[in-house]
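The following report concerns side-chain pairing, burial and surface character in a single model. The structure is displayed first, and the discussion follows.

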Amino acid sequence: MSFEHLNENELKQYGESNLSPREFLRLQAHLETCEGCQRRLAEMFPNIAEREEVLLIEDLQADVKYDFHLNYDEHLKPFIYENISVIDKEIVESHVEVCAVCREDLRDLLNFHRELEQEREIRELSKSHWWTQIANWFSAPNRKILWLACATILLCVGAGLAWLFLSKPTDEIAKKPSNAAVIENDQTVSNININQMPIPINQNTVTSKADSNSENQNAIETPKEPEVANLVLPKFLNDLRINENETLRGNNDSPTQKITVISPNATIIRDSSPILIWQNVPNIENYEITVFDENDNRIAKFENVKGNSQRISNLLKGKIYQWQVSAKSVLENGKQTDFIGQGKFYIISQADENKINQAKNSLEKGKAFAEAGLLAEAASQFRQYLKQNPNSENAKKFLRQIEQAQR
């Protein structure tokens, strides 16, 4: 945390509640430890402790702390291994700033991951010094005599074997009669068996045959990977983005402002009971959540929702859903302002879920993820397969296709 004091503009924005939740919590954490800034804030806003904005943020912290926690497989694990989408990363970073439980879990997981990496590095370094350890063992003063004795024994054994193998051909040559004694004149030459004569060998021919055999053996050991057709990405990927020019559901007679929808929005999920998350609006206490199916039929509605999240359960898989968060604000002059935001998402079908679970390797699992519309997960599986099979043309082709679709 910075030890610099807050400037006048930051104190003014804090007192007037013109900050995002993240900036509000950052300034509040500084004010809790800085008496100077507390005095300056009290001089500018004498009744700051009684303002509704402070109570609203405290309620938000309590709701987030007790009603929603980060999931290990969906949020924490991808965040640690840097295999997380931009939206999920923003959710994790903003949530751990207000939730002490999830912040402590994330800190423990990061420390554990860091210790594993350090242990792996130490193990690799120890392996590289095995020869130095052996040399140090033999160089010890109390082991020099043992080392010299072993070296002497090995030298004697080597000399005996060399004498044994070198002396045997000499004895065999002495026992065989000389060819000169057999060939006395020109007539005896005809009696020599032609099969006993040495045959000249073309060294180039032998080498070429050996190279040919080596090439054939390599061709047998590394069979060519069968080519697989291109991925067929689902058509609904283009239907998950809401057109900014679409008319939002609400009262068109009143001024309308947009609520920022965080998650799930323009994405594909696997959970049939997702948590809908949006960004809070200052001075708004109650929200209304409405969920529609792909035919624009309302299937769920939640009124007087506190905080910035709401779980909806038991949605059908293999469907596109659109959800809306709305709120109303009435000013002192009686004018009303509508706040509305919309999100859209798709839940993968049970058939696609079964294909993902039944995949035998990373290549098959990546293909199943891609055909279900989960492009980020598919790209991760293809990269993992390429680490083990760097020459796989299918994995390279699939990864290029996924990267083009993500642009």
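Arg-26 is partly exposed, with a relative accessibility of 44%; on this scale, buried means under 20% relative accessible area, exposed over 50%, and partly exposed in between (1.4 Å probe, protein chains only). The model is a predicted one, in which local features need pLDDT of at least 70 and side-chain atom pairs count only at pLDDT 80 or more, while totals for chains, interfaces and linings use all residues. Residues are numbered from 1 along each chain as its sequence is written, and side-chain values use heavy atoms, with hydrogens and water left out.

Arg-26 forms a salt bridge with Glu-10, and the closest N and O atoms are 3.5 Å apart. A salt bridge here is a side-chain nitrogen of Lys or Arg within 4 Å of a carboxyl oxygen of Asp or Glu. Because Arg-26 belongs to helix H2 (residues 21-33) and Glu-10 to helix H1 (residues 8-16), the pair ties together parts that are 16 residues apart in sequence. Helices (H or I, at least four residues) and strands (E, at least two) are DSSP runs, numbered from the N terminus.

The whole structure contains 11 salt bridges. Three of them are listed below with their closest N to O distances.

| Salt bridge | N to O distance |
|---|---|
| Arg-26 and Glu-10 | 3.5 Å |
| Lys-301 and Glu-288 | 4.0 Å |
| Lys-328 and Asp-338 | 3.2 Å |

Lys-328 lies in strand E8 (residues 319-330) and Asp-338 in strand E9 (residues 336-347), so this pair ties together parts that are 10 residues apart in sequence. Asp-338 is buried, at 2% relative accessibility. Elsewhere, Glu-10, Glu-23 and Arg-26 are joined into one network by salt bridges that share partners.

In the pair formed by Lys-301 and Glu-288, Lys-301 is in strand E6 (residues 298-305) and Glu-288 in strand E5 (residues 287-292); the two residues are 13 apart and link distant parts of the chain. Lys-301 is partly exposed, with a relative accessible area of 37%, and Glu-288 is also partly exposed, at 27%.

Helix H5 (residues 72-80) has buried residues at His-75, Leu-76, Pro-78, Phe-79 and Ile-80. His-75 has a relative accessibility of 7%. Apart from neighbours within four places in sequence, His-75 is in contact with Leu-70, Ile-84 and Val-92, contact meaning heavy atoms within 4.5 Å. At the N-terminal end of H5, Asn-71 acts as a cap, with a side-chain oxygen 3.0 Å from the backbone nitrogen of Asp-73. Just after the helix, Glu-82 adopts a positive phi of about 55°.

On the surface, Ile-153, Val-157, Leu-161, Trp-163, Leu-164 and Phe-165 make a nonpolar patch of about 680 Å². Patches are made of residues with over 30% relative accessible area and no salt bridge, like charges being joined within 9 Å and nonpolar side chains (Val, Leu, Ile, Met, Phe, Trp, Tyr) within 5 Å. Accessible areas come from the Shrake-Rupley method with a 1.4 Å probe. Leu-161 is located in helix H9 (residues 144-175) and is partly exposed at 45% relative accessibility.

With a disulfide defined as a pair of cysteine sulfur atoms within 2.5 Å, the count is zero. Cys-34 is in no disulfide, and the nearest cysteine sulfur, that of Cys-37, is 3.5 Å away. Cys-34 is buried, at 9% relative accessibility, whereas Cys-156 is exposed, with a relative accessible area of 52%.

Technical notes:
Polar contact = N/O pair within 3.5 Å; in protein donor to acceptor, adjacent residues only side chain to side chain.
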